[in-house]
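Visitor: I should like to understand this structure through a few questions. May we look at it together?

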Amino acid sequence: MAKHDMHGNKSRALAAFFAALILTTNASAQDRQIEQKVDALLKQMTLEEKVGQLHQLSGRDLTGPANNRNTNILAEIRKGKIGSMLNVRGVAETREVQAAALQSRLKIPLLFSLDVIHGYKTIFPIPLAEAASWDLPAIEQSAQVAAKEAAASGIHWTFAPMVDISRDPRWGRVMEGAGEDTYLGSQIARARVLGFQGKKLGGTDAVMATAKHFAAYGAAIAGRDYNAVDMSEHQLWEIYLPPFKAAVDAGVATFMNSFNTLNGIPATGSAYLQRDILKGVWKYQGFIVSDWASIAEMVKHGYAADISDAAQKAINAGSDMDMEGFAYSSSLVQLVKSGKVKTALLDDAVRRILYKKFELGLFDDPYRFSDAKREQDALNDPSHRLIARDVARKSLVLLKNDKQTLPLNKAVKSIAVIGPLANARRDLEGGWIVKSDAAQVVSLLDGIRSHVAKDTEVIFSPGCDVACTTTDGFAAAMAAADKADTVLLVLGESWDMSGEAKSRTDLGLPGLQTQLFEAVRLKGKPVTVVIMAGRPLVFNTVADQATAVLYTWFAGSEGGNAIADVLFGDYNPSGKLPMTFPRSVGQIPISYDTYETGRPVQDVKNVVYKSAYIDTPNTPRYAFGHGLSYTDFSYSNLSFSHKNMQPGSTVTVSFDLRNTGKRDGEEVVQLYLRDPVASIVRPVKQLKGFHKIKLVAGEQKRVSFTIDQAMLSFYDSKLTWIAEPGKFIIMLGSASDDIRLSGELQLLDKQK
Ligand code: GLC
């Protein structure tokens, strides 16, 4: 990637020019046709109508009984002063509100948007759980179903996928993302965009997607939501930007900026992010919506003197649409009239938004997404729950399974199901749900009851609630454990302990849950612990003393069935952790791709003076990529197509993978790479590829990866994307801390 002039105004003007140029030159015939329509419409628009297109509001009582309708918003819509609404949903409601837009002078239809993050009516596992499946087709299908249900309900645009990389489980929004790794996060970003948008925008079973939150929101200082972000440009380009670029390459229709400052500049006011990088270097042709009032919040940040100053800074920096900030609606007309904002910049923003409305076919038929029959069919399609169950099973991670405790025997005489989340329904949906009905969620208790033999006794005892502030229920729980042959303990967070504005400084199991575990374990029965959470938690006592631990995140509408499928062996668990699980909050930020340092902990010379803690090992509780199976896999016979790699060429790395156990299963084989000596130090390993491979018991397959120059490349100290000649270590493993095979290849200097 070429070097960037990070700050010069020259680059900004050039970027804006090229962006506009790209909009006109790269277009296909259909694109050119749309552009002509956009230009024709733009010519008719007043300044007020143009600003109206940049104004987005959240729906509040727009329909329903006439006496408590928000008539102001409907009046504004009729005057063409609002371009998009969020949180208006359902065919009836969207038709009614769209009708108001069609009473405006130019009849420009509204865009209806919603946070369809992991399902609309059918709720899928939270995104971090889906990431644990490492199953890109399954992740894409999940987004497809969500889009189909939402689009059938009048929604044009979802504010997903969230593609923020994060190495800090204190930050509650890790539940919405794909974890800590840039490569995995980029692959998942692409899968989700394709799932939501389909092959081409405009289908009524697909919605516009949004790559958010641009950018580096997941690196908030101290893991505290909305906090400042401060990092080197090297970190930004190497770790946090690639998933956004993957979304651009997948054709993502829109971007959402982020609440945080990046190196002192609010993202929504950052021309570097929005014009230089996104619309300039990346040639992005969609539009950027602010994150809720992030434009107006620049006043609180201390970056804008007042809301007009905020509006000026935001539009000049490339923020196209103002969500709920009232900055553009209150100030932009005056700013353009006074010359403080160039009409050309305003027109560029309006053009980008109108382009999408034409692309969705809304000018041809503003109601095309609001079809009562399609809504009825989509929201009652039984196949959606089956897909949700399948995705959920693939997302569960078996962390521990001593003495082959799992799978459980369905014909067990009696099983005690204990814990505050055993009969939970709403919690299994996790955060960010919009339309579902918790009563339709399959609880784990439901799932167990439907899996065990008819004469198996299932004894349920909650022990305590999720907060677990009292031991009042412990005696009953211990009595249940006493009576049963085996014990299942269901612990973890409630759904609203993770998500937006849900940062935690203590990642332990809430309240006295650990004590509940210890009390039950005293009964001496094998104890399987199921943990439900929206993030990595710290549970060392349980991890040390439970015989088996299954991490289920929040597994969605079919969670109870999916978890029971794994517990009783109807599905062999295949999930792998997309985030490192720390032993202690004190280790955070923590990730697998660490640097060696000059005094590595394994350095025998420096017995004392080494990079380590005096109270905790450096290693995590569970590593990135960790996840057990009910079977075993062997890796052998590693070979390279050739050991010396010409610049620009590729090398094929192959090995034999065998299912050496008695059960069919799926293995996520992970390819890691290290550049041991380079012009800037490189991580001890970085994920560069993976395959999820299904093998029946005893089956062997030859597995291959193609190593290309991009895999060997990194941003050097001048931010030049480069692969430096020399040795590279290639590693194949079942987890970042479970490398089974490794070898070296040499990147040659030049054509030799
Ligand atoms: C929220 C979130 C963002 C969401 C938006 C609209 O504050 O940060 O992810 O899409 O507002 O609900």
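Visitor: How far does a polar side-chain atom of Lys212 lie from an oxygen atom of the ligand?
Guide: In this predicted model, Lys212 is among the residues that come nearest to the ligand. A polar contact requires N or O atoms within 3.5 Å. The polar side-chain atom of Lys212 satisfies this, and its distance from the ligand oxygen is 2.8 Å.

Visitor: Over the ring of which residue does the charged end of Lys212 sit?
Guide: For a charge to sit over a ring, NZ of Lys must be within 6 Å of the ring centre. The charged end of Lys212 is 5.5 Å from the centre of such a ring, which belongs to Trp432.

Visitor: Is the aromatic pair of Phe214 and Phe244 stacked or edge-to-face?
Guide: The structure holds 27 aromatic pairs. In the pair of Phe214 and Phe244, the centres are 5.0 Å apart and the planes are at 70°. Planes over 60 degrees apart count as edge-to-face, so this pair is edge-to-face.

Visitor: How many residues apart are Phe214 and Phe244?
Guide: Phe214 belongs to strand E5, whereas Phe244 belongs to helix H10. The pair thus links distant parts of the chain, and the separation is 30 residues.

Visitor: Is Tyr622 buried or exposed?
Guide: Tyr622 forms an edge-to-face aromatic pair with Phe581, 6.5 Å centre to centre. Buried means under 20% relative accessible area. Tyr622 has a relative accessible area of 8%, and therefore counts as buried.

How values were computed. Residues are numbered from 1 along each chain as its sequence is written. This is a predicted model: local features need pLDDT of at least 70, side-chain atom pairs count only at pLDDT 80 or more; totals for chains, interfaces and linings use all residues. Side-chain values use heavy atoms; hydrogens and water are left out. A residue is near a molecule or strand if one of its heavy atoms lies within 4 Å of it. A polar contact is a pair of N or O atoms within 3.5 Å; within protein, one must be able to donate a hydrogen and the other to accept it, and residues adjacent in sequence count only if both atoms are side-chain atoms. Rings of Phe, Tyr and Trp (its six-membered ring) pair if their centres lie within 6.5 Å; planes under 30 degrees apart count as stacked, over 60 as edge-to-face and the rest as tilted. Helices (H or I, at least four residues) and strands (E, at least two) are DSSP runs, numbered from the N terminus. Buried means under 20% relative accessible area, exposed over 50%, partly exposed in between (1.4 Å probe, protein chains only). A charge sits over a ring if NZ of Lys or CZ of Arg is within 6 Å of the ring centre and within 35 degrees of the ring normal.
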